[in-house]
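The following exercises concern the sheets and pockets of a protein model. Each task is followed by a solution in steps.

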Amino acid sequence: MSVKINVTGEVVTAYLGGELDHHTAKEMREAIDNAVELNMPTLLILDFKDVNFMDSSGIGLVMGRYRNLVKTGAELHITQAPPQIYKMLKLAGIERLAKLEGR
Amino acid sequence: MTVKNKFTMTLDAKSANESFARACISAFAAQLDPTLEEISDIKTAVSEAVTNCIVHAYGETFGKIYISAELTDTNIIKIKIRDKGCGIENIEKAMEPLYTTVGGERAGLGFAVMQSFMDNVKVSSRVGKGTTITMSKKISRRFNING
(Lines give C-alpha, C1' and ligand atoms only; values in the text may rest on other atoms or scores of the structure.)
Protein backbone atom coordinates (compact mmCIF):
# COMPACT_ATOMS: atom_id res chain seq x y z
CA MET A 1 0.00 0.00 0.00
CA SER A 2 1.34 3.44 -0.89
CA VAL A 3 0.05 6.98 -1.47
CA LYS A 4 2.06 9.73 -3.13
CA ILE A 5 0.56 13.20 -3.09
CA ASN A 6 1.27 15.88 -5.66
CA VAL A 7 -0.10 19.41 -5.40
CA THR A 8 -0.20 21.71 -8.44
CA GLY A 9 -2.11 24.94 -7.96
CA GLU A 10 -5.65 23.99 -6.96
CA VAL A 11 -5.27 20.34 -7.95
CA VAL A 12 -4.34 17.57 -5.53
CA THR A 13 -3.36 14.27 -7.14
CA ALA A 14 -3.08 11.13 -5.02
CA TYR A 15 -1.13 8.33 -6.71
CA LEU A 16 -2.35 5.13 -5.07
CA GLY A 17 -0.40 1.89 -5.19
CA GLY A 18 -0.51 -1.72 -4.00
CA GLU A 19 -3.58 -3.47 -2.63
CA LEU A 20 -6.64 -1.51 -1.55
CA ASP A 21 -8.75 -3.44 0.94
CA HIS A 22 -10.37 -2.87 4.33
CA HIS A 23 -6.96 -3.29 5.99
CA THR A 24 -5.10 -0.70 3.88
CA ALA A 25 -7.95 1.75 3.17
CA LYS A 26 -7.64 3.61 6.48
CA GLU A 27 -4.05 4.72 5.89
CA MET A 28 -4.81 5.76 2.29
CA ARG A 29 -7.86 7.67 3.44
CA GLU A 30 -5.90 9.57 6.08
CA ALA A 31 -3.14 10.56 3.66
CA ILE A 32 -5.67 11.84 1.10
CA ASP A 33 -7.80 13.67 3.67
CA ASN A 34 -4.75 15.38 5.17
CA ALA A 35 -3.68 16.65 1.75
CA VAL A 36 -7.21 17.86 0.94
CA GLU A 37 -7.59 19.63 4.28
CA LEU A 38 -4.24 21.33 3.92
CA ASN A 39 -4.59 22.44 0.28
CA MET A 40 -8.36 22.92 -0.20
CA PRO A 41 -8.22 21.88 -3.89
CA THR A 42 -10.95 22.51 -6.45
CA LEU A 43 -10.08 19.14 -8.00
CA LEU A 44 -8.93 15.88 -6.41
CA ILE A 45 -7.49 13.26 -8.76
CA LEU A 46 -7.20 9.68 -7.54
CA ASP A 47 -4.73 7.85 -9.79
CA PHE A 48 -5.20 4.05 -9.70
CA LYS A 49 -2.42 3.11 -12.15
CA ASP A 50 -0.37 1.18 -9.58
CA VAL A 51 -3.25 -0.38 -7.64
CA ASN A 52 -3.08 -4.11 -8.29
CA PHE A 53 -6.06 -5.18 -6.19
CA MET A 54 -9.20 -3.47 -4.95
CA ASP A 55 -12.37 -4.74 -3.29
CA SER A 56 -15.45 -2.76 -2.24
CA SER A 57 -13.37 -1.02 0.45
CA GLY A 58 -11.99 1.00 -2.48
CA ILE A 59 -15.52 1.99 -3.46
CA GLY A 60 -16.08 3.12 0.12
CA LEU A 61 -12.88 5.17 -0.09
CA VAL A 62 -13.99 6.88 -3.32
CA MET A 63 -17.54 7.52 -2.04
CA GLY A 64 -16.23 8.93 1.24
CA ARG A 65 -13.85 11.34 -0.53
CA TYR A 66 -16.68 12.43 -2.84
CA ARG A 67 -18.90 13.20 0.14
CA ASN A 68 -16.16 15.39 1.65
CA LEU A 69 -15.45 17.21 -1.62
CA VAL A 70 -19.09 17.99 -2.33
CA LYS A 71 -19.19 20.15 0.82
CA THR A 72 -16.58 22.51 -0.66
CA GLY A 73 -17.83 22.28 -4.24
CA ALA A 74 -14.66 20.51 -5.41
CA GLU A 75 -14.59 17.84 -8.13
CA LEU A 76 -13.30 14.29 -8.09
CA HIS A 77 -11.60 12.52 -11.00
CA ILE A 78 -10.44 8.91 -11.15
CA THR A 79 -7.69 8.17 -13.62
CA GLN A 80 -5.79 5.16 -15.01
CA ALA A 81 -8.01 2.52 -13.37
CA PRO A 82 -6.81 -0.96 -14.45
CA PRO A 83 -9.53 -3.13 -16.11
CA GLN A 84 -10.58 -5.09 -13.00
CA ILE A 85 -10.75 -1.95 -10.89
CA TYR A 86 -12.61 -0.10 -13.63
CA LYS A 87 -15.15 -2.96 -13.67
CA MET A 88 -15.62 -2.62 -9.91
CA LEU A 89 -16.02 1.19 -10.08
CA LYS A 90 -18.59 0.81 -12.89
CA LEU A 91 -20.50 -1.80 -10.89
CA ALA A 92 -20.81 0.72 -8.06
CA GLY A 93 -21.97 3.50 -10.44
CA ILE A 94 -19.03 5.72 -9.50
CA GLU A 95 -19.18 7.56 -12.83
CA ARG A 96 -22.26 9.32 -11.48
CA LEU A 97 -20.09 10.93 -8.80
CA ALA A 98 -16.74 11.34 -10.51
CA LYS A 99 -15.16 11.50 -13.95
CA LEU A 100 -13.90 7.96 -14.49
CA GLU A 101 -11.03 7.02 -16.80
CA GLY A 102 -9.61 3.56 -17.34
CA ARG A 103 -6.01 2.72 -18.12
CA MET B 1 -18.89 -34.46 -10.71
CA THR B 2 -16.10 -35.43 -8.35
CA VAL B 3 -13.87 -33.34 -6.13
CA LYS B 4 -10.26 -33.35 -7.34
CA ASN B 5 -8.68 -31.37 -4.53
CA LYS B 6 -9.67 -29.66 -1.32
CA PHE B 7 -8.21 -27.47 1.40
CA THR B 8 -9.40 -26.07 4.67
CA MET B 9 -7.89 -23.41 6.88
CA THR B 10 -8.70 -21.42 9.98
CA LEU B 11 -7.67 -17.80 10.34
CA ASP B 12 -7.86 -15.21 13.08
CA ALA B 13 -10.42 -12.57 12.12
CA LYS B 14 -7.83 -9.84 11.70
CA SER B 15 -7.75 -7.40 8.81
CA ALA B 16 -4.09 -8.25 8.07
CA ASN B 17 -5.38 -11.72 7.06
CA GLU B 18 -7.58 -10.35 4.26
CA SER B 19 -4.67 -10.31 1.82
CA PHE B 20 -3.43 -13.68 3.15
CA ALA B 21 -6.82 -15.31 2.46
CA ARG B 22 -6.84 -13.86 -1.08
CA ALA B 23 -3.34 -15.11 -1.76
CA CYS B 24 -4.23 -18.64 -0.58
CA ILE B 25 -7.39 -18.90 -2.66
CA SER B 26 -5.66 -17.55 -5.72
CA ALA B 27 -2.79 -20.05 -5.41
CA PHE B 28 -5.29 -22.90 -4.99
CA ALA B 29 -7.52 -21.78 -7.89
CA ALA B 30 -4.44 -21.59 -10.13
CA GLN B 31 -4.64 -25.40 -10.44
CA LEU B 32 -7.69 -24.91 -12.69
CA ASP B 33 -5.67 -22.71 -15.03
CA PRO B 34 -7.92 -19.66 -14.80
CA THR B 35 -7.54 -16.40 -16.70
CA LEU B 36 -6.20 -13.35 -14.86
CA GLU B 37 -9.72 -11.93 -14.84
CA GLU B 38 -11.16 -15.08 -13.26
CA ILE B 39 -8.46 -15.10 -10.57
CA SER B 40 -9.13 -11.46 -9.85
CA ASP B 41 -12.90 -12.10 -9.60
CA ILE B 42 -12.36 -14.95 -7.11
CA LYS B 43 -9.88 -12.95 -5.03
CA THR B 44 -12.29 -10.01 -4.87
CA ALA B 45 -15.26 -12.17 -3.83
CA VAL B 46 -13.20 -13.87 -1.09
CA SER B 47 -11.91 -10.52 0.10
CA GLU B 48 -15.51 -9.30 0.48
CA ALA B 49 -16.61 -12.39 2.43
CA VAL B 50 -13.58 -12.34 4.74
CA THR B 51 -13.97 -8.60 5.34
CA ASN B 52 -17.64 -9.18 6.24
CA CYS B 53 -16.55 -11.68 8.91
CA ILE B 54 -14.15 -9.15 10.41
CA VAL B 55 -16.27 -6.00 10.14
CA HIS B 56 -19.76 -7.40 10.74
CA ALA B 57 -19.71 -10.90 12.22
CA TYR B 58 -17.13 -10.24 14.92
CA GLY B 59 -16.99 -6.41 14.97
CA GLU B 60 -15.12 -5.47 18.13
CA THR B 61 -14.89 -9.08 19.33
CA PHE B 62 -12.27 -11.69 18.52
CA GLY B 63 -13.03 -14.77 16.44
CA LYS B 64 -11.95 -17.23 13.78
CA ILE B 65 -12.73 -17.48 10.08
CA TYR B 66 -13.08 -20.96 8.58
CA ILE B 67 -12.31 -21.21 4.86
CA SER B 68 -12.53 -24.28 2.69
CA ALA B 69 -12.40 -24.71 -1.05
CA GLU B 70 -12.64 -27.55 -3.50
CA LEU B 71 -11.90 -28.04 -7.17
CA THR B 72 -14.09 -30.35 -9.24
CA ASP B 73 -13.30 -32.36 -12.35
CA THR B 74 -15.81 -30.12 -14.16
CA ASN B 75 -13.51 -27.14 -13.53
CA ILE B 76 -15.57 -25.51 -10.83
CA ILE B 77 -14.15 -23.91 -7.70
CA LYS B 78 -16.41 -24.00 -4.65
CA ILE B 79 -15.54 -21.83 -1.69
CA LYS B 80 -17.04 -21.84 1.79
CA ILE B 81 -16.35 -19.02 4.26
CA ARG B 82 -17.81 -19.44 7.73
CA ASP B 83 -17.75 -17.48 10.97
CA LYS B 84 -19.17 -17.96 14.44
CA GLY B 85 -20.07 -14.30 14.82
CA CYS B 86 -23.30 -12.38 15.41
CA GLY B 87 -25.20 -13.73 12.40
CA ILE B 88 -27.44 -11.79 10.02
CA GLU B 89 -30.98 -10.97 11.09
CA ASN B 90 -32.32 -10.19 7.63
CA ILE B 91 -30.28 -11.77 4.82
CA GLU B 92 -32.39 -10.25 2.06
CA LYS B 93 -31.82 -6.76 3.45
CA ALA B 94 -28.11 -7.41 4.02
CA MET B 95 -27.73 -8.39 0.37
CA GLU B 96 -29.32 -5.20 -0.98
CA PRO B 97 -26.71 -3.07 -2.78
CA LEU B 98 -25.62 -0.01 -0.77
CA TYR B 99 -27.20 -1.34 2.44
CA THR B 100 -24.78 -1.29 5.35
CA THR B 101 -25.19 -1.38 9.11
CA VAL B 102 -21.85 0.26 9.89
CA GLY B 103 -22.07 3.31 7.58
CA GLY B 104 -19.09 5.61 7.29
CA GLU B 105 -16.56 4.28 4.84
CA ARG B 106 -18.29 0.99 4.00
CA ALA B 107 -20.00 1.05 0.61
CA GLY B 108 -22.54 -1.70 1.33
CA LEU B 109 -21.52 -3.54 -1.82
CA GLY B 110 -19.93 -6.71 -0.42
CA PHE B 111 -22.68 -9.13 -1.43
CA ALA B 112 -23.33 -7.31 -4.73
CA VAL B 113 -19.66 -7.81 -5.65
CA MET B 114 -19.72 -11.49 -4.65
CA GLN B 115 -22.85 -12.04 -6.73
CA SER B 116 -21.55 -10.26 -9.79
CA PHE B 117 -18.07 -11.85 -9.72
CA MET B 118 -19.09 -15.44 -8.90
CA ASP B 119 -21.62 -17.72 -10.65
CA ASN B 120 -23.40 -18.68 -7.47
CA VAL B 121 -23.56 -17.21 -3.96
CA LYS B 122 -25.51 -18.72 -1.07
CA VAL B 123 -25.83 -17.21 2.39
CA SER B 124 -27.05 -19.05 5.45
CA SER B 125 -27.03 -17.45 8.85
CA ARG B 126 -28.34 -17.81 12.39
CA VAL B 127 -28.42 -14.86 14.73
CA GLY B 128 -25.93 -15.38 17.54
CA LYS B 129 -24.47 -18.49 15.87
CA GLY B 130 -22.75 -17.28 12.71
CA THR B 131 -22.86 -17.07 8.95
CA THR B 132 -21.76 -19.31 6.10
CA ILE B 133 -21.17 -18.04 2.56
CA THR B 134 -20.94 -20.67 -0.15
CA MET B 135 -19.93 -19.55 -3.60
CA SER B 136 -18.79 -21.17 -6.81
CA LYS B 137 -17.41 -20.27 -10.19
CA LYS B 138 -16.81 -22.26 -13.35
CA ILE B 139 -13.33 -21.72 -14.73
CA SER B 140 -12.79 -21.65 -18.47
CA ARG B 141 -9.60 -23.46 -19.37
CA ARG B 142 -7.09 -21.13 -20.99
CA PHE B 143 -5.32 -24.04 -22.66
CA ASN B 144 -7.13 -27.21 -23.58
CA ILE B 145 -4.54 -29.97 -23.24
CA ASN B 146 -6.74 -32.49 -25.05
CA GLY B 147 -6.99 -30.21 -28.07
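The model is predicted.

**Exercise 1. Determine the strand order of the sheet in chain A, and identify the strands at its edges.**

Solution. Step 1: the 5 strands follow the order β1-β2-β3-β4-β5 in an open sheet of chain A, with mixed pairing. Step 2: β1 (2–8) and β5 of chain A each have a single partner strand and therefore stand at the edges, where one side of each is left without a neighbour in the sheet. Step 3: from one strand to the next, the twist averages 15°.

**Exercise 2. Describe how β4(A) is paired with β3(A) and with β5(A).**

Solution. Step 1: β3(A) and β4(A) run parallel and are joined by 5 bridges. Within this pair, Leu43(A) lies opposite Glu75(A) of β4(A). Step 2: β4 (residues 75–81) and β5 (residues 99–102) of chain A are also paired in the parallel sense, over 3 bridges. Here His77(A) faces Lys99(A) of β5(A). Step 3: β4(A), α3(A) and β5(A) constitute a β-α-β unit, which is right-handed.

**Exercise 3. Which strands of chain A does helix α2 (residues 56–72) touch, and what angle does its direction make with that of β3(A)?**

Solution. Step 1: helix α2 of chain A packs on the sheet and touches β2 (11–20), β3 and β4 of chain A. Step 2: the direction of this helix makes about 175° with that of β3(A).

**Exercise 4. Establish the strand order in the sheet of chain B, and locate the helices that contact its strands.**

Solution. Step 1: an open sheet of 5 strands in chain B has the order β1-β2-β3-β5-β4, and its pairing is antiparallel. Step 2: because β1 (3–12) and β4 (120–126) of chain B each have a single partner strand at the edges, one side of each is left without a neighbour in the sheet. Step 3: neighbouring strands are turned by 10° against each other on average, direction ignored. Step 4: β1(B) pairs with β2 (residues 64–72) of chain B in the antiparallel sense over 9 bridges, and Thr8(B) stands opposite Ser68(B) in β2(B). Step 5: α2(B) packs on this sheet in contact with β2, β3 and β5 of chain B, its direction making about 10° with that of β3(B). Step 6: α4(B) lies across β4 and β5 of chain B and runs at about 30° to β5(B).

**Exercise 5. Characterise the lining of the largest pocket.**

Solution. Step 1: the volume of the largest pocket is about 530 Å³. Step 2: its lining comprises 32 residues, and those nearest the centre are Asn52(B), His56(B), Ile88(B), Ala94(B) and Phe111(B). Step 3: at least two lining residues come from each of α2 (36–58), β3 (76–83), α3 (91–94), α4 (110–117) and β5 (130–138) of chain B. The most, 6 residues, are given by α2(B). Step 4: by class, the lining has 16 nonpolar, 10 polar and 6 charged residues.

**Exercise 6. Which elements supply at least two residues of the lining of the second largest pocket?**

Solution. Step 1: the second largest pocket holds about 240 Å³ of space and is lined by 15 residues. Step 2: nearest its centre lie Asn52(A), Phe53(A), Gln84(A), Ile85(A) and Ser40(B). Step 3: the elements are β3 (43–54) and α3 (83–91) of chain A, together with α2 of chain B. Step 4: α2(B) provides the largest share, 5 residues. Step 5: the lining divides into 9 nonpolar, 4 polar and 2 charged residues.

Note on methods. Residues are numbered from 1 along each chain as its sequence is written. Chains are lettered from A and ligands numbered from 1 in the order in which they are written. This is a predicted model: local features need pLDDT of at least 70, side-chain atom pairs count only at pLDDT 80 or more; totals for chains, interfaces and linings use all residues. Side-chain values use heavy atoms; hydrogens and water are left out. On a 1 Å grid over the protein atoms alone, a cavity is a set of points where a 1.4 Å probe fits but cannot get out, and a pocket is an open set with protein on both sides within 12 Å along at least five of seven lines; lining residues have an atom within 4 Å of a point. Grid points are joined across faces, edges and corners, and a volume is the space filled by probe spheres set on the points. Helices (H or I, at least four residues) and strands (E, at least two) are DSSP runs, numbered from the N terminus. Ala, Val, Leu, Ile, Met, Phe, Trp, Tyr, Cys and Pro count as nonpolar, Asp, Glu, Lys and Arg as charged, and the others, Gly among them, as polar. Two strands pair if DSSP finds at least two bridges between them. A crossover is right-handed if, with the strands pointing away from the viewer, the path from the first strand over the helix to the second runs clockwise. Axes are lines fitted to C-alpha atoms, for helices over the stretch in contact, and angles run from 0 to 180 degrees between N-to-C directions. Contact means heavy atoms within 4.5 Å.
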